[in-house]
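Trainee: Could you take me through one part of this model in detail, the place where the two chains meet? I'd like one connected account rather than a list.

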Protein chains: 2
Amino acid sequence: MSDPELLESEVERPWEPLGERIEASDHAGAAEFLEELSPEDQRLAMAHLPGKSQITLVENLSPAIAAELLERLPEAHAVEILEDLSPEAAADIVEELPEGIGADLLREMHTEETEAVLAELDDADEADHLRERSGYEWDTAGGLMTESFAAFSEDSTVGDVLHELGEHAELYGDMDVQYVYVTDGGGILRGVLRLRDLVLTRRARPVVEVMIVDPLSVSVSDDFDSLRKVFDDKNYIGLPVIEASGLLVGVITQQAVREATADHQTEDYLHSSGIVGGEELRSMPMFQRCRRRLAWLAPNIVLNIVAASVIAMYEDTLQSVIALAVFLPIVSDMSGCSGNQAVAVSIRELTLGLIRPTEFVRIVWKEGVLGICNGMILGVLLGTIAALWKDNVYLGLVVGGALALNTLLSVLLGGCVPLLLKKFKVDPALASGPILTTATDMCGFFLVLNLASAVLAKLA
Amino acid sequence: MSDPELLESEVERPWEPLGERIEASDHAGAAEFLEELSPEDQRLAMAHLPGKSQITLVENLSPAIAAELLERLPEAHAVEILEDLSPEAAADIVEELPEGIGADLLREMHTEETEAVLAELDDADEADHLRERSGYEWDTAGGLMTESFAAFSEDSTVGDVLHELGEHAELYGDMDVQYVYVTDGGGILRGVLRLRDLVLTRRARPVVEVMIVDPLSVSVSDDFDSLRKVFDDKNYIGLPVIEASGLLVGVITQQAVREATADHQTEDYLHSSGIVGGEELRSMPMFQRCRRRLAWLAPNIVLNIVAASVIAMYEDTLQSVIALAVFLPIVSDMSGCSGNQAVAVSIRELTLGLIRPTEFVRIVWKEGVLGICNGMILGVLLGTIAALWKDNVYLGLVVGGALALNTLLSVLLGGCVPLLLKKFKVDPALASGPILTTATDMCGFFLVLNLASAVLAKLA
């Protein structure tokens with residue numbers, strides 16, 4: 001055991017003593033130190049260790065302890081580690097992971113590496129099973145379901161079921177059993193038993209007389225939107241998941257659907273901030289982080305050049321009224337802000353189901369009125385400043401008018417673009433920003449410079 | 001009953017037939033139509049009805065049905081409606097709402113209106129109780145706890161508890177009971193009983209012999225960070241919530257904490273997009289929506305003017321090399337994009353507990369290397385385009401060098417600002433964007449124009 005006083009003083013930077021033990025090849029000491037940390041400090045320590053040390057550590061833990069550790073890490077981090085391990089070592093850990101989580105991690109790995117790990121699993125059936133599960137998209141019924149559920153044959157009596165549940169109370173307790181399922185000899189779903197009905201019935205009765213026949217179920221391939229809708233319509237705690245043949249393969253809980261909604265919202269936030277290709281953690285290799293961020297920046301620079309080319313077409317106007325150069329970035333940035341607000345509200349309303357992706361008239365009306373109001377206020381504000389600065393009312397009119405018009409335009413666009421993208425099945429959080437910014441930048445530059453050209457004599 | 005064929009054709013725009021019935025004062029018809037809609041369509045219809053019609057509808061529903069409807073709406077929308085009702089009508093509905101939800105809604109209402117509703121409640125005790133609960137911040141233990149739990153006196157035997165649970169299985173089933181609590185005569189928490197221990201014990205034993213004595217609990221005023229930490233450390237399903245006196249007042253579940261995490265992330269997304277003061281829905285009054293968005297835009301325009309004032313200081317340089325005006329918005333926008341990526345990663349790492357708010361050295365190192373790499377790539381890209389366009393290598397060096405330097409600067413700032421704000425207890429999602437944009441705009445303008453001034457002879 002470590003000296004508790006020492007531990008106390010080390011805990012501020014738990015990765016340091018851990019890293020030292022790993023460097024010194026004190027694998028037992030590293031494992032012991034790790035296990036004394038809280039899950040939170042384990043996560044913190046792993047995020048701070050160099051990649052090589054992380055791998056050395058995990059390789060020298062027992063597969064069961066390593067699996068426990070990976071479960072505590074953010075999914076993206078656990079996937080990183082599995083990919084860096086040898087397929088044999090990764091397979092040993094995957095065998096120890098709870099059902100579902102192994103499939104989640106394998107799904108996010110590169111295909112060749114997933115296959116290499118699956119090939120190393122001792123149990124060929126388990127490998128087939130994981131291959132199938134990791135093939136479902138994470139936010140479908142197949143990706144979100146749990147495979148531990150209580151199912152009984154349609155030959156059972158109520159007494160059989162109660163006896164079995166009582167005998168294995170601990171096992172079934174872990175499952176958070178709310179319903180019990182009834183299947184035929186081939187595992188085809190036949191009915192659902194409510195615990196209440198089980199308790200309030202003579203024990204000799206066959207379950208088929210007590211169960212709900214022809215129960216509501218979802219298909220493994222059902223996508224997130226339809227899952228959200230079905231759990232939204234009725235307040236189900238869980239629903240059985242079946243394959244096309246009717247085979248009962250899992251149960252999906254309301255909680256799993258709610259967690260998936262939260263994950264979608266996290267994705268929206270990261271996408272709207274230009275983090276593409278999944279989440280980035282600073283524990284990832286530098287090259288990968290650069291590449292992922294450039295995947296967003298490189299198209300953006302092209303769009304920016306396209307937008308700024310409008311300025312190049314008006315070099316003469318700008319040359320005569322150089323003050324306009326001060327206002328070009330202001331108009332473009334403020335319009336971007338206004339448009340982004342409309343984007344956020346549209347994405348939120350789509351998520352909550354308060355608007356259908358076809359309702360452009362509603363958006364144009366609701367954002368139009370707001371755009372005119374806020375555009376006028378912001379236009380008067382900026383126009384007044386411009387007019388006072390250069391003591392020229394026309395400059396104020398040009399700058400203020402351009403901002404007012406461009407604000408209206410950008411809230412209309414910002415409100416509608418997410419709906420349009422949703423209709424064409426493109427992620428609105430990912431693509432709305434660049435489309436909006438490019439369009440409103442171009443229009444903003446055009447409006448300022450074109451209005452200025454029109455009254456050039458009064459400005460110069 | 002409505003004609004089912006008619007209903008089918010109406011469902012595309014459910015708010016229209018609903019609105020017609022309300023306008024025609026056919027309150028019974030409106031209520032009947034509403035009840036035939038799915039919860040999803042109810043929400044959609046309410047979001048589309050004019051505010052006045054919504055109020056008329058709710059006023060003419062029975063309080064129980066109205067409470068059910070409000071429960072299905074987004075919280076912000078339900079609060080809007082309660083505020084527009086008379087205090088008497090609102091009080092009737094609040095009485096029908098499940099415990100906790102009433103407090104959530106009252107907390108979000110304006111203080112005077114909350115008080116007016118509380119004054120109208122028939123039961124003074126319930127009013128006091130709701131006043132207390134709505135006083136807790138939503139994301140503290142007091143705000144997130146449920147008050148329905150199973151508690152038994154320390155005089156009870158195991159048999160008493162099992163009998164009581166069996167007699168009222170339905171009631172306790174709704175509570176999702178995982179533990180049973182033991183209190184003294186005054187309601188002070190004494191112990192926790194695991195259901196497993198209850199079942200595996202002689203029924204005559206006193207519960208005090210079976211219970212976990214001195215159990216872990218949280219205080220009503222514990223804030224979200226400490227709740228997340230305690231549920232993170234150990235995988236508790238639920239924990240008792242006590243007042244300072246030790247009085248057991250509620251239970252907080254792991255699920256409630258997980259949902260609060262999701263709500264925090266939604267808030268982050270809305271804040272980072274410039275939606276302040278809670279969420280905006282387009283069903284809210286126009287004036288309120290304008291005002292909330294302006295609360296974000298008005299300070300932003302000031303910051304934009306401050307940033308652009310750098311350009312004004314270099315009017316002469318710009319006058320001689322008007323081509324620079326094309327590149328100013330590109331440099332400023334691209335740096336903003338790079339910085340926002342770093343902001344998103346920092347906020348995410350803070351949320352996941354992968355970084356402490358004091359670790360600036362780590363950020364500077366991790367973002368610095370990345371910033372040099374991505375800055376060089378983007379700088380060469382933009383510099384080449386600038387050089388080719390005007391056939392002037394110096395223009396390329398100025399523009400590319402400014403972008404490279406400013407990219408480095410903005411990822412460093414973007415990475416550090418959320419940590420700094422977190423340290424000073426300011427919401428990073430709300431304030432990071434404007435601080436970052438203003439700083440990188442100013443630096444970007446300064447770098448382009450200052451580098452250009454230095455080699456002006458070669459550019460003009």
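Mentor: Start with A:Arg356, which forms a salt bridge with B:Asp41; the closest N and O atoms there are 3.4 Å apart. Keep in mind that this is a predicted model. That pair is a handy way in, since the count between chain A and chain B is 18 salt bridges. Searching the whole structure, over all chains, gives 41. On top of that, there are 39 residue pairs in polar contact between chain A and chain B, both partners at pLDDT 80 or more.

Who supplies the surface? On the side of chain A that touches chain B, helix H21 (residues 324–352) of chain A gives the most, with 19 residues. Sorted by class, that side of chain A has 52 nonpolar, 21 polar and 30 charged residues. The contact takes 103 residues from chain A and 103 residues from chain B. Between them the two chains bury about 9,300 Å², with 58% of it on carbon and sulfur atoms. Three residues, A:Tyr269, A:Arg282 and A:Gln341, supply 10% of the area that chain A buries against chain B, more than any other three.

Now zoom in on B:Arg282. You'll find B:Arg282 in the loop between helix H18 (254–272) and helix H19 (286–312) of chain B. Is this arginine buried or exposed? With a relative accessible area of 1%, B:Arg282 is under the 20% cut-off, so it counts as buried. Look at what surrounds it: leaving out residues up to four places away in sequence, B:Arg282 touches A:Ala342, A:Val345, A:Ser346, A:Glu349, A:Arg362, A:Ile363, A:Lys366, A:Glu367 and A:Gly415 in chain A, along with B:Arg289 and B:Arg293 in chain B.

Two of those contacts deserve a separate look. Side chains of opposite charge can pair when their charged atoms come close. The side chains of B:Arg282 and A:Glu349 do meet in a salt bridge, at 3.3 Å from N to O. That pair crosses between chains, running from A:Glu349 in helix H21 of chain A to B:Arg282 in the loop between H18 and H19 of chain B. Both A:Glu349 and B:Arg282 are buried. The other contact is with A:Glu367, whose side chain makes a polar contact with the side chain of B:Arg282 at 2.7 Å.

Next, take a pair with the glutamate on chain B. B:Glu367 forms a salt bridge with A:Arg289, with 3.6 Å between the closest N and O atoms. This one crosses between chains too, from B:Glu367 in helix H22 (residues 360–390) of chain B to A:Arg289 in helix H19 (residues 286–312) of chain A. What are the accessibilities of B:Glu367 and A:Arg289? B:Glu367 has a relative accessible area of 0%, so it is buried, and A:Arg289 is buried as well, at 1%. The pair also belongs to something wider: salt bridges that share partners join A:Glu280, A:Arg282, A:Arg289, A:Arg293, B:Glu349 and B:Glu367 into one network.

For contrast, here's a pair inside chain A. A:Glu16 forms a salt bridge with A:Arg13, and the closest N and O atoms are 2.6 Å apart. A:Glu16 counts as partly exposed at 36% relative accessibility, and A:Arg13 gets that label at 39%.

Let's go back to H21, this time in chain B. At 1.5 Å a residue, the 29 residues of helix H21 (residues 324–352) of chain B should span 42 Å, and the end C-alpha atoms are 42 Å apart, which agrees. H21(B) is mostly covered, with 26 of its 29 residues buried. Just after H21(B) comes B:Gly353, which takes a positive phi of about 70°.

One last stop within chain B is B:Val399, found in helix H23 (residues 393–423). Its relative accessibility is 0%, so B:Val399 counts as buried. Leaving aside neighbours within four places in sequence, B:Val399 is in contact with B:Phe327, B:Val331, B:Leu382 and B:Ala386. You can also check B:Val399 against B:Leu449: they are 50 residues apart along the chain, and their C-alpha atoms are separated by 9.2 Å.

Terms used
Residues numbered from 1 in each chain as written. Chains lettered and ligands numbered in written order. Heavy atoms only, no water. Helix = DSSP H or I, 4+ residues; strand = E, 2+ residues; numbered from the N terminus. Expected span 1.5 Å × (residues − 1). Buried < 20%, exposed > 50% of the residue type's maximum accessible area, 1.4 Å probe, protein only. Contact = heavy atoms within 4.5 Å. Buried area = accessible area lost by both parts, 1.4 Å probe. Salt bridge = Lys/Arg side-chain N within 4 Å of Asp/Glu carboxyl O. Polar contact = N/O pair within 3.5 Å; in protein donor to acceptor, adjacent residues only side chain to side chain. Nonpolar A, V, L, I, M, F, W, Y, C, P; charged D, E, K, R; others polar.
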